[in-house]
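Student: I should like to learn how structural terms are justified. May we work through an example together?

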Amino acid sequence: MAKLTKPAYNRTKFLLVFTVTVFLLAGLRALFGFNIPPYIKPEAKTHKKKTEPSQPHQSVFAQISPSALTQPTTSDENPDDEDFRQHLWTPSFRGNWGEAFADSQAVQIEAAETNGIQPVSSREELQELVAAHRLVDVRLSPLYQVDSLTHSVPYLVPKAQQLLHEIAVNFLDTLQARHLPPHLIIVSSVLRTDEDVDKLQKGNKNATDNSCHRYGTTIDITYRRFQPLTGNPNDEATLQDEKLKLALAEVLYDLKQQGRCYVKYEKKQACFHLTVR
């Protein structure tokens, strides 16, 4: 019987076969998407204490049912009626406008003198305060709109500008929470120099000499007009306007309750007259 002999080991042939096999597998993987999942070491089972999922921050204004905003109204419903407002809304602000926002001139002027600048006689003098960063140009924010000012200039002390910024943000937050289209508040009056006060008194006998607007701490925000970000402003309904006014009132009422500002409801001027505290 012939003795079997072990074939000689050919290293060159082995490397050649190995290389061809590797390239063949790589080609199949690229062609058919074949992939071997990597080994993942199983995690040890641990008994974790169950915790309640963290609740996202909710705006203090998001407390109204969206269905209330879509309820049809009849022609005999008056948007200014208190019962109607309480039926449609659940705001922190309720009641008579004049009683809710009744901070007098005497109260506001004291806050203005404490937090504001020394009144200046002309607009030229303001440039030094602006250069010293004691006054801030309020036209630079995209969150609100400043009217074409005729008897004031668009400057506030930084503390008042910060308050205006917060009002604008909270107002947009309110509209979003109530599924209302986005609008910007409109600032109708800001800082007045002595020259501006003199010109205003010629056309308005009720204008006071010692106006809070002279200190750069006081803002007038109209409640009659809002700047829509979408849509045609001429298509807005009366009820829609009342909702926007109520939303702004809520924002100002909450800040007033927090001691952030004094607010006066100006019926004749159709604005909220407010001073930072």
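Tutor: Let us begin with contacts, meaning heavy atoms within 4.5 Å. Of the contacts in the protein between residues at least 6 apart in sequence, 72% join residues at least 24 apart. This is a predicted model, in which local features need pLDDT of at least 70 and side-chain atom pairs count only at pLDDT 80 or more, while totals for chains, interfaces and linings use all residues. Residues are numbered from 1 along each chain as its sequence is written, and side-chain values use heavy atoms, with hydrogens and water left out.

Student: Why is Ala270 called buried?

Tutor: Buried means under 20% relative accessible area, exposed over 50%, and partly exposed in between, with a 1.4 Å probe and protein chains only. Ala270 has a relative accessible area of 4%, so the residue is buried. In the protein, 39% of the 277 residues count as buried.

Student: Why does His133 count as exposed?

Tutor: The relative accessibility of His133 is 65%, and therefore His133 counts as exposed.

Student: What makes the phi of His133 worth stating?

Tutor: His133 is not a glycine, yet its phi is positive, about 65°. Ala270, also a residue other than glycine, has a positive phi near 55°.

Student: Where does each of them lie?

Tutor: Helices (H or I, at least four residues) and strands (E, at least two) are DSSP runs, numbered from the N terminus. His133 lies in the loop between α6 (126–131) and β1 (136–137), and Ala270 in the loop between β7 (261–266) and β8 (271–276).
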